[in-house]
Amino acid sequence: MLPVNHTRLAKILEKPTAPFREGHVLATARAILDEAKVPYFMDPAKNLVVGVKSKAEYSRLTKAKSPEPVRIFIAHTDHPGFHGVEWVDADLLAFKWHGGSPTAHLEGGKVWLADSEGFVGYGRVEKAEMIESGRAIDKGLIRVKDLRRQTKAADLFGGFGFRDTHWREGDLLYTKAADDLIGVYAILETALALKAKKSKAPFIGLLTRAEEVGFIGAIAHFELGWLKGAKRKLLAVSLETSRTLPGAEIGKGPVVRLGDRKSVFDSGGTQVFSDLAARILPGKHQRRIMDGGSCEGTAATAYGIPTIAISVPLGNYHNQSFEGGPDAAPANGPAPEFVSVADIEGLTALTQAIMAPKLPWNQPFSGTVAAFKKSLKNYGKLLKTGP
Ligand SMILES: [Zn+2]
């Protein structure tokens, strides 16, 4: 199994990010790819397309005749957070929130602030108004402290902050944002591993923007229509950290995600993937519908791309204190997200296994049908008796 590269993971986790403000994570991803000489380019929505150097190369890959499906790995570079709107006072910033959020104990909650150059300071929530359903913050005010430089309100963005951007406690990794920077890390590691092996396996990574407000980056990418002329099978692989649920527990392995809140994923592809997980991570993976939220797997499915998905079980989903733990406010208040390092290792083992050649994507149920036939034969005599 590939051990977690904590240096590269830290470089990603320490970056500020929010919906539509993913520049720092994307720049880090580009730097990691540059160092490993893995090609990439930006699509018109500024999603980062990994593994191919241009739209022309992307099209060539999807139009080449081959029984091997092009695996399109998708993870998002944003995390719920806010944008500055205006300075109400010298140290009082009005903000607009984007995406999910904690729902209680918000006032006094610590937030970090950043601009296009990096972190600029900290503040505390002074006032927060919820959206109509009460399930997330809509807008509010932040009392800003120690701002490193004067910044226009509209150039600021932020999110809930804790003792550090990330820290380890045993197997658990606490961070301001595991969702979906763990998925981003896994795609980069997969690209680097393929490059190191000089693999020609058909791989595209899609590091998307603004997933937290309804997978806007993924939609923008699929709307380009670049995949419409594909001459070979495509297989989207959605990578997410997803709210831990019974049967999808932290530390028990990555989850073969059968579906999300909105849709179930490709039955044949999931069968192959599930058999693969049973071989690669026996007893160390889980399998269920992760319906705590919806993901880019639903976007890919809606655009007609057969999709499979992997989740890493996530504690304190969207910084909401469900599981509590260090630095967590009481129930539903702000809290660091957390994941298991062993689960991340399992995730990268699976992403690499999915790239193996000659998996039965085109006859996903051949093994199952063979077993069915054997069963039928065994019961052939009895079937002739009665009724
Ligand atoms: Zn996510």
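These are my notebook entries on a predicted model of one protein, going from the whole chain down to single residues.

**Entry 1: the whole chain**

I started with the inventory and counted 10 helices and 17 strands in the protein. Next I looked up the radius of gyration, which is 22 Å; the globule rule gives 21 Å for 387 residues, so the protein is as compact as a globular protein of that length. I also took the extent of the C-alpha trace, and along the principal axes it spans about 85 × 50 × 40 Å.

How much of the protein is buried? I found that buried residues make up 49% of the 387 residues. I then turned to contacts between residues at least 6 apart in sequence, and 74% of them join residues at least 24 apart.

**Entry 2: two domains**

I checked the domain assignment, which divides the protein into domain 1 (6-79 + 167-366) and domain 2 (81-161). Domain 1 is thus listed in two segments of the chain, 6-79 and 167-366. Taken over C-alpha atoms, the centres of the two domains are separated by 28 Å. For the contacts between them, I noted 22 residues of domain 1 touching 22 residues of domain 2.

**Entry 3: the sheet of 8 strands**

I traced an open sheet of 8 strands and wrote down its order as β1-β2-β12-β3-β13-β16-β14-β15, with mixed pairing. Which strands sit at its edges? They are β1 (40-42) and β15 (286-289), each pairing on one side only. From one strand to the next, the twist averages 25°.

At the β1 end, I saw β1 joined to strand β2 (residues 48-50) by 3 bridges, with the two running antiparallel. Here Met42 stands opposite Leu48 in β2.

Two helices caught my eye on this sheet. Helix α2 (residues 23-36) lies across β1, β2 and β12 (203-208), at about 25° to β2. Helix α4 (residues 181-196) also packs on the sheet and touches β2, β3 (70-76), β12, β13 (234-243) and β16. The direction of α4 makes about 145° with that of β3.

**Entry 4: a closer look at β3**

I went through β3 residue by residue: 7 of its 7 residues are buried, so β3 is largely enclosed by the rest of the structure. Which way do its residues point? Val70, Ile72, Ile74 and His76 point one way, while Arg71, Phe73 and Ala75 point the other, and all are buried. That fits a reminder I keep for myself: in a regular strand the side chains alternate between the two faces of the sheet.

I then looked at the partners of β3. With β12 the strand pairs in the parallel sense over 6 bridges, and Ile72 has Ile204 as its bridge partner there. With β13 the pairing is also in the parallel sense, over 5 bridges, and Ile74 stands opposite Ser238.

**Entry 5: the sheet of 3 strands**

I found another open sheet, made of 3 strands in the order β10-β11-β17, with antiparallel pairing. Its edge strands are β10 (166-169) and β17, each of which pairs on one side only. The twist here averages 25° from one strand to the next.

How many bridges link β10 and strand β11 (residues 172-175)? I counted 4, in the antiparallel sense. One bridge puts His166 with Thr175 in β11. Helix α8 (residues 341-354) lies across β11 and β17, and I noted that it runs at about 65° to β17.

**Entry 6: Gly333**

I picked one loop residue to follow up: Gly333, between β16 (307-314) and β17 (337-340). Is Gly333 buried or exposed? With 21 other C-beta atoms within 10 Å, Gly333 is buried, because the cut-off for buried is 20 or more.

I listed its contacts, leaving aside neighbours within four places in sequence: Gly333 is in contact with Pro102, Ala104, His105 and Ser321. I also took the separation of Gly333 and Gly123, which lie 210 residues apart along the chain; their C-alpha atoms are 16 Å apart.

**Entry 7: helix α9**

My last stop was helix α9 (residues 366-378), which has 13 residues. From its first C-alpha to its last, α9 reaches 19 Å, close to the 18 Å expected at 1.5 Å a residue. I then checked how covered α9 is: the count of buried residues among its 13 is 0, so I wrote it down as hardly covered.

Conventions
Residues are numbered from 1 along each chain as its sequence is written. This is a predicted model: local features need pLDDT of at least 70, side-chain atom pairs count only at pLDDT 80 or more; totals for chains, interfaces and linings use all residues. The radius of gyration is taken over C-alpha atoms; the globule rule is 2.2 Å times the number of residues to the power 0.38. A residue is buried if 20 or more other C-beta atoms lie within 10 Å of its own, exposed if 12 or fewer, and partly exposed in between; C-beta atoms are placed from the backbone. Two residues are in contact if their C-beta atoms, placed from the backbone, lie within 7 Å. The expected span of a helix is 1.5 Å times one less than its number of residues. Two strands pair if DSSP finds at least two bridges between them. Axes are lines fitted to C-alpha atoms, for helices over the stretch in contact, and angles run from 0 to 180 degrees between N-to-C directions. Domain bounds come from an automatic or database domain assignment.
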